[in-house]
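Biologist: Please pick one part of this model and take me through it closely. Set it in the context of the whole chain before you zoom in.

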Amino acid sequence: MKKIGGILFNPRFAPTALKVALFVGTVLFVINHGKAFLNGQMNQDRWISAGLSYCVPYLVNIHGQFVSNARKRP
């Protein structure tokens, strides 16, 4: 578990992953929850789903960077 935490919050990978998560997560949020948000219809389940809209791109980007970095090592 310690290794996973080190990868998820690696100072080399995290800044790029955060930028991607903010951009892609916002696009996903607007697509999936924009109307409900504007109409004040956000409930607990929607907020959880909205949070995942940001977590998933972050995790995908971290994974991609980690795999790319691992392939470059001899």
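Modeller: A helix here is a DSSP run of H or I, at least four residues long, and a strand is a run of E, at least two long; both are numbered from the N terminus. Keep in mind that this is a predicted model. With those terms, the chain reads α-α-α along the sequence. That makes three helices and zero strands.

Now the overall form. The C-alpha trace spans about 55 × 25 × 15 Å along its principal axes. The radius of gyration is 15 Å, whereas a compact globule of 74 residues would have one near 11 Å. Of the 74 residues, 27% count as buried.

The part I choose is the nonpolar surface patch around Val 24. Its members are Phe 23, Val 24, Val 27, Leu 28 and Ile 31. Together they make a patch of about 450 Å².

Start with Val 24 itself. Val 24 sits in helix α2, which covers residues 14-38. Is Val 24 buried, partly exposed or exposed? Val 24 is partly exposed, because its relative accessible area is 31% and that class lies between the 20% limit for buried and the 50% limit for exposed. Patch residues need over 30% relative accessible area, so Val 24 passes that cut-off with its 31%.

Next, look across the fold from Val 24. Which separation links Val 24 to Tyr 58 in space? Their C-alpha atoms are 9.0 Å apart, although their positions lie 34 residues apart along the chain.

A second pair deserves a look. Tyr 54 belongs to helix α3, the run of residues 44-72. From C-alpha to C-alpha, Tyr 54 and Phe 29 are 8.2 Å apart, with a sequence separation of 25 residues. Tyr 54 is partly exposed, because its relative accessible area is 26% and the buried class ends at 20%.

For contrast in chemistry, turn to the charged surface. Lys 3, Arg 12, Lys 72 and Arg 73 form a positive patch. One of them, Lys 72, lies in helix α3. Lys 72 is exposed, because its relative accessible area of 67% is over the 50% limit for that class.

To recap the close-up: Val 24 is a partly exposed residue of helix α2, and a member of the nonpolar patch of about 450 Å².

Notes. Residues numbered from 1 in each chain as written. Predicted model: local features only at pLDDT ≥ 70, side-chain atom pairs only at ≥ 80, totals over all residues. Heavy atoms only, no water. Patch = residues over 30% accessible without salt bridge, like charges linked within 9 Å, V, L, I, M, F, W, Y side chains within 5 Å. Areas by Shrake-Rupley, 256 points an atom, 1.4 Å probe, with all protein chains shown as cover. Salt bridge = Lys/Arg side-chain N within 4 Å of Asp/Glu carboxyl O. Lys, Arg positive; Asp, Glu negative; His and termini not counted. Charge placed at Lys NZ, Arg CZ, Asp CG, Glu CD. Buried < 20%, exposed > 50% of the residue type's maximum accessible area, 1.4 Å probe, protein only. Rg over C-alpha atoms; globule rule 2.2 N^0.38 Å.
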